[in-house]
Amino acid sequence: MRKIISLILLIIIGIGIFLTLKEIPFGISQKNIGDYFLQNGIKQTGAINTVTSVVVNYRGFDTLGEIVVLFTAAIGLGAILGVFKTQPTNQNIEPSSLIVYTGCRFLFPIIFIVGIYIFIHGHLTPGGGFQGGAVIASAFLLMYLGCPSKKINRTGSKVIESAAGLVFVGLGIAGLCLGKEFLNNFLPKGNPGSLFSAGIIPLVYIAIGLKVGSELAGIIDLLIETKK
């Protein structure tokens, strides 16, 4: 049964790659391809941020590969640290300074909200999923430095990470089924400049932001965990 499912998935991915490559405008010279994106990006994707339209729409499959690289790095780090894993000690944790402790309590929610804002508005302003996810992870780093007694919920982090990855792949497969290629922008593009515009691009960025944020936060948790 697993072989059959694997074969079906490989066929779907193969068809997606073929149809995606088929849609690449090979007739455009490398010199003019930037002008092509600038002139047609808003009309074809609905995103006023041209960089976003390139990263998430024109080369969305490559962005998925970057997510896979980060996911693989997180798994590799967990496997390496798991070999040396020991039970946490009962030693007293050295308290942080008053400034860092106060910053942890008051700045954590602000940094977290800013990270969410960045990837939700990625199709409108500079930024996106990777940047927003990194900002969210920095909030958890501050939490570990200022409030060392607090820990992330590992189960919740893994659930968010997995769900975000499934949403990204699911949108890609939906585009393949409803459109012409993998990650086809099949949703209405709306009015350029509004929050609810650019089709699937905001949804992809939300998935990327949550996945990157949870993965980087998990890496920080693994590296900073107290060992014997």
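These legends go with close-up views of a predicted model.

**View 1. Phe 112 and Phe 140 meet edge-to-face.** The rings of Phe 112 and Phe 140 make an aromatic pair, with 6.1 Å from centre to centre and 80 degrees between the planes. With planes over 60 degrees apart counting as edge-to-face, that angle gives the pair its label. Phe 112 belongs to helix H5 (residues 98-120) and Phe 140 to helix H6 (residues 129-146), so this contact ties together parts 28 residues apart in sequence.

**View 2. How covered are the two partners, Phe 112 and Phe 140?** Phe 140 is buried, at 17% relative accessibility, since the cut-off for that class is under 20%. Phe 112 has a relative accessible area of 27%, so it goes down as partly exposed.

**View 3. Tyr 36, Phe 37 and Tyr 58 gather in one aromatic cluster.** Two Tyr residues and one Phe are what to look for here: Tyr 36, Tyr 58 and Phe 37. As for the model's tally of aromatic pairs, it comes to 5.

**View 4. A nonpolar patch sits on the surface.** Its members are Ile 99, Val 100, Leu 141, Leu 145 and Ile 224, and together they offer about 420 Å² of accessible area. Which elements give two or more residues to the patch? Those are H5 and H6, the helices that also carry Phe 112 and Phe 140, respectively.

**View 5. Leu 145, one member of the nonpolar patch, up close.** Leu 145 is part of helix H6. Its relative accessible area is 47%, so Leu 145 rates as partly exposed.

How values were computed:
Residues numbered from 1 in each chain as written. Predicted model: local features only at pLDDT ≥ 70, side-chain atom pairs only at ≥ 80, totals over all residues. Heavy atoms only, no water. Phe/Tyr/Trp six-rings, centres within 6.5 Å; stacked < 30°, edge-to-face > 60°. Helix = DSSP H or I, 4+ residues; strand = E, 2+ residues; numbered from the N terminus. Buried < 20%, exposed > 50% of the residue type's maximum accessible area, 1.4 Å probe, protein only. Patch = residues over 30% accessible without salt bridge, like charges linked within 9 Å, V, L, I, M, F, W, Y side chains within 5 Å. Areas by Shrake-Rupley, 256 points an atom, 1.4 Å probe, with all protein chains shown as cover. Salt bridge = Lys/Arg side-chain N within 4 Å of Asp/Glu carboxyl O.
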